[in-house]
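Here is a walk through one protein model, written for someone who would rather look at the fold than read a table of numbers. Keep the viewer open and follow along.

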Amino acid sequence: MSLSTRAIAGIAGVVVVGAASLGTGIYWAHDAGKPRENVATLVVGTSSTTAAPFCYNDGKPIGQAALKACSDAAEAAGKKNDLPLLDVRASDRIGVGVPKDLAKKGWFAYTDGGSSQSQGGAPIINSARGTTFSGTVPAHTVMSSIDKTSVTVAVRDQESSDIYAVWFFELKNQTD
């Protein structure tokens, strides 16, 4: 007795969703004693990583000078491979999640790659408010053509344009 291609594809889909759910459950179970505050999540295919904000001012807006210093520090951390990193292939899908309390203010995520760059990067999500996850976008639309693609996630109040938190991640571009 052989399974049809449709049945195999359905089973594979259930396994992928189950594995992703299990991975998230294991992460939270591991930190069940005290959850990390204000973590953002980067999802690539079935892999994910989390990070505390690289720039954060205890819930208050971050000033321009502090944002510049933060950006410079993130660039230096990237050069030393000290940012959260995931492998990405053009066929993967990329999503980003932010904490619920910060998502209420509004947020966006973009990369330094992509073919249709706007404001210096390819958007993963623009002007989200209340939504805590960006869904998924095809990686080939946001990847850079060099070895790594930088991902920036920021909480920005849509009315005042104040920035409240910024996370930085990197994607290691895979060709195989």
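Five elements each put at least two residues into the lining of the largest pocket: α2, β6 (107–111), β7 (122–128), β9 and β10 (163–173). Bear in mind that this is a predicted model. Helix α2 gives the largest share of that lining, with seven residues. The lining has 30 residues in total, and S71, F108, Y110, T152 and F168 are the ones nearest the pocket centre. As for how much room there is, the volume comes to about 690 Å³.

T152 is worth a click. You'll find T152 in strand β9 (residues 148–156). Is T152 buried or exposed? With a relative accessible area of 11%, T152 falls under the 20% cut-off, so T152 is buried. Setting aside residues up to four places away in sequence, T152 touches F108, A109, Y110, V166, W167 and F168. Of these contacts, F108, Y110 and F168 also turn up among the residues nearest the centre of the largest pocket.

Now on to β10, one of the strands behind that lining. β10 is mostly covered, with 10 of its 11 residues buried. Which strands pair with β10, and in what sense? The table lists three pairings, with a bridge partner for each.

| Pairing | Sense | Bridges | Residues facing each other |
|---|---|---|---|
| β3 and β10 | antiparallel | two | C55 and V166 |
| β4 (residues 85–88) and β10 | parallel | four | L85 and E170 |
| β9 and β10 | antiparallel | nine | S150 and E170 |

E170 shows up twice there: E170 in β10 stands opposite L85, and E170 is also the bridge partner of S150. β9 and β10 make a hairpin with six residues between the strands, and S161 in that hairpin has a positive phi near 65°.

The β3 row leads to the disulfide, since C55 is the residue opposite V166. How many disulfides does the structure hold? Just one, and this disulfide joins C55 to C70, with an S to S distance of 1.2 Å. The pair links distant parts of the chain: C55 sits in strand β3 (residues 55–56) and C70 in helix α2 (residues 64–79), 15 residues apart. In general, a disulfide is a covalent bond between the sulfur atoms of two cysteines. The link of C55 and C70 is left-handed, at -50° about the S-S bond. Both C55 and C70 are buried. Since α2 also supplies the largest share of the pocket lining, the helix that holds C70 is a handy landmark in the viewer.

Elsewhere in the model there is an open sheet of four strands, in the order β2-β1-β5-β8, with antiparallel pairing. Why do β2 and β8 each have a side without a neighbour in the sheet? β2 and β8 (137–138) stand at the edges and each has a single partner strand, so one side of each is left without a neighbour in the sheet.

Start at the β2 end. Strand β1 (residues 40–44) and strand β2 (residues 47–51) run antiparallel and are joined by five bridges. The two strands form a hairpin with two residues between them, and G45 in the turn takes a positive phi of about 60°. V44 has S47 in β2 as its bridge partner.

At the other end, strand β5 (residues 93–97) pairs with β8 over two bridges, again in the antiparallel sense. One of the partnerships is between R93 and P138 in β8. These two residues are 45 apart in sequence, yet their C-alpha atoms are 4.5 Å apart in space. Leaving out neighbours within four places in sequence, P138 is in contact with D92 and R93. P138 is partly exposed, with a relative accessible area of 26%.

Finally, zoom out to the whole protein. The protein has three helices and 10 strands, and from the N terminus the elements run α-β-β-β-α-β-β-α-β-β-β-β-β. Of its 176 residues, 38% count as buried. The accessible surface is about 10,100 Å², with 54% of that belonging to carbon and sulfur atoms. Among contacts between residues at least 6 apart in sequence, 67% join residues at least 24 apart.

How values were computed. Residues are numbered from 1 along each chain as its sequence is written. This is a predicted model: local features need pLDDT of at least 70, side-chain atom pairs count only at pLDDT 80 or more; totals for chains, interfaces and linings use all residues. Side-chain values use heavy atoms; hydrogens and water are left out. Two strands pair if DSSP finds at least two bridges between them. A disulfide is a pair of cysteine sulfur atoms within 2.5 Å. Buried means under 20% relative accessible area, exposed over 50%, partly exposed in between (1.4 Å probe, protein chains only). Contact means heavy atoms within 4.5 Å. Accessible areas come from the Shrake-Rupley method with a 1.4 Å probe; for residues, only the protein chains shown count as cover. On a 1 Å grid over the protein atoms alone, a cavity is a set of points where a 1.4 Å probe fits but cannot get out, and a pocket is an open set with protein on both sides within 12 Å along at least five of seven lines; lining residues have an atom within 4 Å of a point. Grid points are joined across faces, edges and corners, and a volume is the space filled by probe spheres set on the points.
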